[in-house]
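Colleague: Could you take me through this model slowly, one step at a time, and show how you reach each answer?

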Amino acid sequence: MNIIEPRLDGTNLRIGIVQAHFTNEIGSEMVKVCCRTLKELGVAEDNITLATVPGALEVPIALMNLASSEQFDALIAIGVVIRGETYHFELVSNESGAG
């Protein structure tokens, strides 16, 4: 049996994070936890880039732009879609492919 173990050494990795700003209170906490975890794994703070976008629909576009720059070893998307009183939840969920 071949077993592949995760490599949890972030030394020299360049990480790009895209955060949807619309749910800033929740998203900001998620970014803090994400960055703290990356640093614990050895990723230097200078090697973490955070891009914020207005909402969840813009996250994939920003990720594609970061990916095309070829400056990052990994990309992380952070966004929160909350079901509320408007049709926005259904719109975002249907457009992003989430269910």
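Modeller: Gladly, and please keep in mind that this is a predicted model. A good place to begin is Gly-55, which is found in the loop between strand E2 (48–53) and helix H2 (59–69).

Colleague: Is Gly-55 buried or exposed?

Modeller: The relative accessible area of Gly-55 is 10%, and a residue counts as buried when this value is under 20%. Because 10% falls under that cut-off, Gly-55 is classed as buried.

Colleague: Which residues is Gly-55 in contact with, leaving aside its neighbours within four places in sequence?

Modeller: The chain brings in a residue from another part of the sequence, since the C-alpha atoms of Gly-55 and Gln-19 are separated by 8.2 Å although they are 36 residues apart along the chain. Once the neighbours within four places in sequence are set aside, the contacts of Gly-55 are Ala-20 and Phe-22.

Colleague: In what order do the three strands of the open sheet lie?

Modeller: The pairing in this sheet is parallel, and the edge strands, each of which pairs on one side only, are E2 and E3. Strand E1 (residues 15–20) is joined to E3 by five bridges. The order is therefore E2-E1-E3.

Colleague: How far apart in space are Phe-72 and Arg-14, C-alpha to C-alpha?

Modeller: Phe-72 is found in the loop between H2 and strand E3 (74–78), and its relative accessibility of 18% makes it buried. Phe-72 touches several residues beyond four places away in sequence, among them Arg-14, Ile-15 and Gly-16. Phe-72 and Arg-14 are 58 residues apart in sequence, yet their C-alpha separation is 4.9 Å.

How values were computed. Residues are numbered from 1 along each chain as its sequence is written. This is a predicted model: local features need pLDDT of at least 70, side-chain atom pairs count only at pLDDT 80 or more; totals for chains, interfaces and linings use all residues. Side-chain values use heavy atoms; hydrogens and water are left out. Helices (H or I, at least four residues) and strands (E, at least two) are DSSP runs, numbered from the N terminus. Buried means under 20% relative accessible area, exposed over 50%, partly exposed in between (1.4 Å probe, protein chains only). Contact means heavy atoms within 4.5 Å. Two strands pair if DSSP finds at least two bridges between them.
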